[in-house]
Amino acid sequence: MDFTQVHAQLAQARAGLVDYISRLPEQEPRVLTWNIVSAASVALLVYWTGLIIYRLTLHPLARFPGPFLCRISDLQQCYYEAILNGKFIEQLPKYHRKYGPIVRINPNEVHIDDPAVFHEIYKQNTPFTKDPKSYGLGVSQAMAFTSPVEKHRVKRQALDPAFSKRRVNMMEDGLYEELEKVFDRIDGYEKRDEEVPISELYYCYTGDIISRYLFGKSLGLISAPDFLERAEQMRSFTRGVWISIHFQFIRDTMLAMPRWITSFLNDAWVKVLWFCEDLAKNAIANFDAAESSEKLSKPGQETIFDRLLSDNDRRRQKGQEAHPLTFRELADESVAILNAGTEPTATMMVYATYFFLRYPEVQERILKELSTVQRDEKGRLPLVKVESLPYFTGFVRETLRYVPLVPGRLPRVVPKGGLYVPAARDTIPEGAVVGIDHMPLHWNQDIFERPSEFDPGRWLGEAGKELNHWLLSFSKGRTDCIGKNLAYAEMHLVLANLFSRYQLELTPGSDEAMVWLDRVIVHPAKNLRIKVRARNLEAVA
Ligand code: HEM
C-alpha cells in the first residue's frame, strides 16, 4: 500500500467518524450512553497502551532497570507508600540488590545507591531543585516546599540569621524556662510512682520552644491539662502524610470545604493549620515596622515573624527587589516551621533516651563526663560546655546516624548536563528525578566501621571529625536543615539535664515501641514510657 492509498483510507475513516458523531443526537439515550462509555473506554485504553509503550521504549529513563510496574506507572510506589503507609523505603535495598546502583522507581524517577553522588546532588551551590511533585504537601509558599533556586534563596536569606548559632545561644534562658516545666511534670509522675510519658513531654517541649521562636509566645503545651492529647495533635500532621502526597485532591477538597465540616472530618491537623493562619492574619494586620526594626536591633528579642515581616523593608532599603509578604506566605511558613521544629527533634530525643538506657556502658561514660561540667550560679549546666563534651556530643551524633529521622529520598530534579553516576558508569538525563535515601550511607561499612554497633566513641578525635562529612541526618548543602543549630541545642540541653537529674529506667515493651515507621519523618511504633527517680544533684557533681 502506497502513501496515496493510506491517505485515502484515513480520509474515509475520518469522514465515517464525523458522520457517526453528527448522528449521535439521533440515537436513543440508552444506546447513546452505552456508545459514549465504550468510545471513552477505547480511547483510554489506547492512551494507556501508548503511554506504557512510550515509558518502556522512548522515555529518557527507558534504559534504566527496575520492577516492571515501577517502569510503567506510579502504582507500585503508591501501593507501598499510601496503602501500606510508608513501606516503600524497605523495598529499595531489595531493588538495588536485583537491579544495580540505579533503579527506576517510577516512570520519571530513579533511586541511586552510590555514595559518590550524594555530595554532588546536595551541595552548597547545587543546581538540583526539589521535585515539585514530591514536595506538594499543601503549604506550597513555605521555603521548605519552594523549588526554584532563586525563589528559595531569597526565602532562605531572610530566615538564615534567625537560626544562626549565635541567635540560638541567646535562647538558652528560654530553653531552660520551658525545661523546668517539663521537670515539674516529671517530678509529679515520680511522686505518684507513675510511668513518665516522655515522648509526649518532648513533643510539647519542642512545640513550646519553636512557638516562642516563631511568634514570641509559648503555646503552653507542657502546662496544658490535656498535654497528652495536644502532643498527639501535633503528631497527627504526619500520620496521614502518604495519603496527602499521593492523593493531594483529598487534602485540597477538605481545605476547600466549610470549616465545620473539615474539623468534623479531621479535627487535629486543621486546627494547627487554622491556628497558624489566624496568627499570620493578626501579625500582618498589627505589623509595626518601627517596633519590629527596634526589636531586630536588640539581638535575642526578635521573632521569626518580625524577621519575615520586616524583610521587605530591609530589601527595599538596600535597593533590592521587594514585595510585601502575603498572608499565604506567612501562614504557610508558620505551619512548616512549627512542624519542622517540633517532631524530628522530639523524636530524636526519644531515641536518644532509649539508647542511653539500652546501653549501660554508654550511660556510664556519659554520666562520668557530665559530672565534670561545672554548673553556673543558677545551678544550670551551661549549653556551651555541654555542647563541647566529646563523648556526649558523639552520643548525640551516633543517635542521629543510627536512626534515619528523615528517612526519605529527598527527590531532586536533574539539571542541564545530567548526573554521572560512577558506580553505574552511566549518566541520568536532565529533567529526570533522582533521590538518595541516607540510611544505607549511614550504614555503609566502607564509611562507618561496624555500622550496626551503637558506638558514640567513633565520633572522637580526628577520625571522628572526618565522619561529620557523612552525617547526613540534616541533609547537606543549599537546602539542608535550617534548624540544625536549634535542634542540637535542644538535644544537648534537655538530655544532659534529664540524664544528670534523674535515674531512669525503661518500662516493659520499650523495644517494640521503638521500631520505627516511615511517615516522611520517623514515627516510633508507640510512645516511650520511662520510670524515674530523682538523683542527688550534689552527689552527681
Ligand atoms: C533532629 C532534628 C531535625 C532533623 C533530623 C531535621 C532534618 C532535616 C532535613 C533532612 C531537611 C532537608 C529536607 C529536604 O531536603 O527535603 C530539613 C529541612 C528543614 N528543616 Fe529540619 N530537621 C530537624 C530539626 C529542625 C528544626 C528544630 C527546625 C526549626 C525550625 C527545622 C526546620 C527545617 C526547615 C525550615 C527545613 C527546610 C530547609 C530549606 O528548604 O532550605 N528542622 N530538616
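**Figure 1. The iron atom and its partner from the protein.** In this predicted model, the iron atom of the ligand has a single donor from the protein: the SG atom of Cys481, 2.3 Å away. Donors here are N, O and S atoms within 2.8 Å of the metal (3.2 Å for Na, K and Ca), and water is not among the atoms, so sites may look incomplete. Where does cysteine 481 sit in the chain? Look in the loop between helix 24 (461–467) and helix 25 (484–501). Helices (H or I, at least four residues) and strands (E, at least two) are DSSP runs, numbered from the N terminus.

**Figure 2. Polar contacts with the ligand.** Lys130 has a polar side-chain atom 2.7 Å from an oxygen atom of the ligand, and Arg156 has one at 2.7 Å from a ligand oxygen too. For His152, the distance from a polar side-chain atom to an oxygen atom of the ligand is 2.8 Å. A polar contact means a pair of N or O atoms within 3.5 Å; within protein, one must be able to donate a hydrogen and the other to accept it, and residues adjacent in sequence count only if both atoms are side-chain atoms.

**Figure 3. The shell around the ligand.** There are 26 residues around the ligand, and Lys130, Tyr135, His152, Arg156 and Cys481 come nearest; being near takes a heavy atom within 4 Å. Sort the shell by type and you get 15 nonpolar, seven polar and four charged residues. Ala, Val, Leu, Ile, Met, Phe, Trp, Tyr, Cys and Pro count as nonpolar, Asp, Glu, Lys and Arg as charged, and the others, Gly among them, as polar.

**Figure 4. A stretch marked in UniProt.** An unreviewed UniProt entry places a "transmembrane region" at residues 32–54; such annotations may be inferred rather than shown by experiment. Over residues 32–54 the chain is 100% helix and 0% strand, with the end C-alpha atoms 33 Å apart.

**Notes.** Residues are numbered from 1 along each chain as its sequence is written. Since this is a predicted model, local features need pLDDT of at least 70 and side-chain atom pairs count only at pLDDT 80 or more, while totals for chains, interfaces and linings use all residues, and side-chain values use heavy atoms, with hydrogens and water left out.
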